[in-house]
Amino acid sequence: MIIKGKKNSYLRGQAQTIKPLIQVGREGISDNLLQQIETLVNKNELLKISLLQNTMVGPQDLIEALTDLDDQIVPVQTIGSKVIIYKKAPKIKNRKYSLELEKF
């Protein structure tokens, strides 16, 4: 699944106001890290992840690991060491951004 056009632009704009909730450090991509990301993206829909300087993981490596974990996770943007991902929340009460995306 790829988000294009106005939907992607909307998500990128919303991502500017949020802070990274996850930091990938020296340990790289672990099962525990992937579980934390999956839990947070299911709850928040839009998630910003920061890659620290001491990590050997690149943004593309993280995106591949996340899409292998769950094919509903969509990369929105990568800027330097920041990765922004989106997934429609499974619970209706957690849907904020997906309701706005349906208007486009």
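# A guided tour from Lys88

Select Lys88 to begin: with a relative accessibility of 39%, this residue counts as partly exposed. The cut-offs explain the label, because buried means under 20% relative accessible area and exposed means over 50%. The model on display is predicted.

**The whole chain**

Zoom out and colour the chain by secondary structure. Four helices and four strands are present, and their order from the N terminus is α-β-α-β-α-β-β-α. Along the principal axes, the C-alpha atoms fill a box of roughly 40 × 25 × 25 Å. The radius of gyration of the chain is 13 Å, which agrees with the value near 13 Å for a compact globule of 104 residues.

Next, display the contacts. Of those between residues at least 6 apart in sequence, 68% join residues at least 24 apart. Then switch on the surface: the chain exposes about 6600 Å², of which carbon and sulfur atoms supply 47%. Of the 104 residues, 39% count as buried.

Colour the side chains by charge. There are 16 positive and 11 negative side chains, and the centres of these two sets lie 11 Å apart.

**The salt bridges**

Side chains of opposite charge can pair when their charged atoms come close. How many salt bridges does the structure hold? There are three.

Select Asp70 and Lys87. These residues form a salt bridge in which the closest N and O atoms are 2.4 Å apart. The pair links distant parts of the chain, 17 residues apart: Asp70 sits in the loop between helix H3 (59-69) and strand E3 (74-79), and Lys87 in the loop between strand E4 (82-86) and helix H4 (97-101). Are these two residues buried or exposed? Both Asp70 and Lys87 are buried.

Return to Lys88 and add Glu102 to the selection. Their side chains meet in a salt bridge with an N to O distance of 3.5 Å. Here too the pair links distant parts of the chain, 14 residues apart, with Glu102 in the segment after H4 and Lys88 in the loop between E4 and H4. Glu102 counts as exposed, at 52% relative accessibility.

Now select Lys103 and Glu100, whose side chains form a salt bridge at 3.2 Å, N to O. Lys103 is exposed, having a relative accessible area of 64%, while Glu100 is partly exposed at 31%.

**Ser98 and Glu45**

Stay with helix H4 and select Ser98, which is found in this helix. Its relative accessible area is 2%, so Ser98 counts as buried. Which residues does Ser98 touch, not counting those up to four places away in sequence? The list consists of Glu45, Tyr86 and Lys88. Lys88 thus appears both as a contact of Ser98 and as the salt-bridge partner of Glu102.

Follow the contact to Glu45, in the loop between helix H2 (31-44) and strand E2 (46-51). Inspect the backbone: Glu45 has a positive phi of about 70°, although the residue is not a glycine. Glu45 is also buried, with a relative accessible area of 0%.

**Along strand E2**

Select Ser50, which is placed in strand E2. At 7% relative accessibility, Ser50 counts as buried. Show the surrounding residues: leaving out those up to four places away in sequence, Ser50 touches Pro20, Ile22, Gln23, Val24, Ser81 and Lys82.

Move to Leu21, in the loop between helix H1 (5-15) and strand E1 (22-24). Draw a distance from its C-alpha to that of Lys48: the two atoms are 6.3 Å apart in space, and the residues are 27 apart in sequence. Lys48 is also one of the contacts of Leu21 beyond four places in sequence, along with Leu40, Asn44 and Leu47.

**The loop before helix H2**

For the last stop, select Ile29, which lies in the loop between E1 and H2. Is Ile29 buried or partly exposed? Ile29 is partly exposed, with a relative accessible area of 31%. Display the contacts of Ile29, setting aside neighbours within four places in sequence: Leu34, Val57, Asp61, Leu62 and Ala65 appear. Finally, draw the C-alpha distance from Ile29 to Leu66: the separation is 9.7 Å, for residues 37 apart along the chain.

Conventions: Residues numbered from 1 in each chain as written. Predicted model: local features only at pLDDT ≥ 70, side-chain atom pairs only at ≥ 80, totals over all residues. Heavy atoms only, no water. Helix = DSSP H or I, 4+ residues; strand = E, 2+ residues; numbered from the N terminus. Rg over C-alpha atoms; globule rule 2.2 N^0.38 Å. Buried < 20%, exposed > 50% of the residue type's maximum accessible area, 1.4 Å probe, protein only. Contact = heavy atoms within 4.5 Å. Areas by Shrake-Rupley, 256 points an atom, 1.4 Å probe, with all protein chains shown as cover. Lys, Arg positive; Asp, Glu negative; His and termini not counted. Charge placed at Lys NZ, Arg CZ, Asp CG, Glu CD. Salt bridge = Lys/Arg side-chain N within 4 Å of Asp/Glu carboxyl O.
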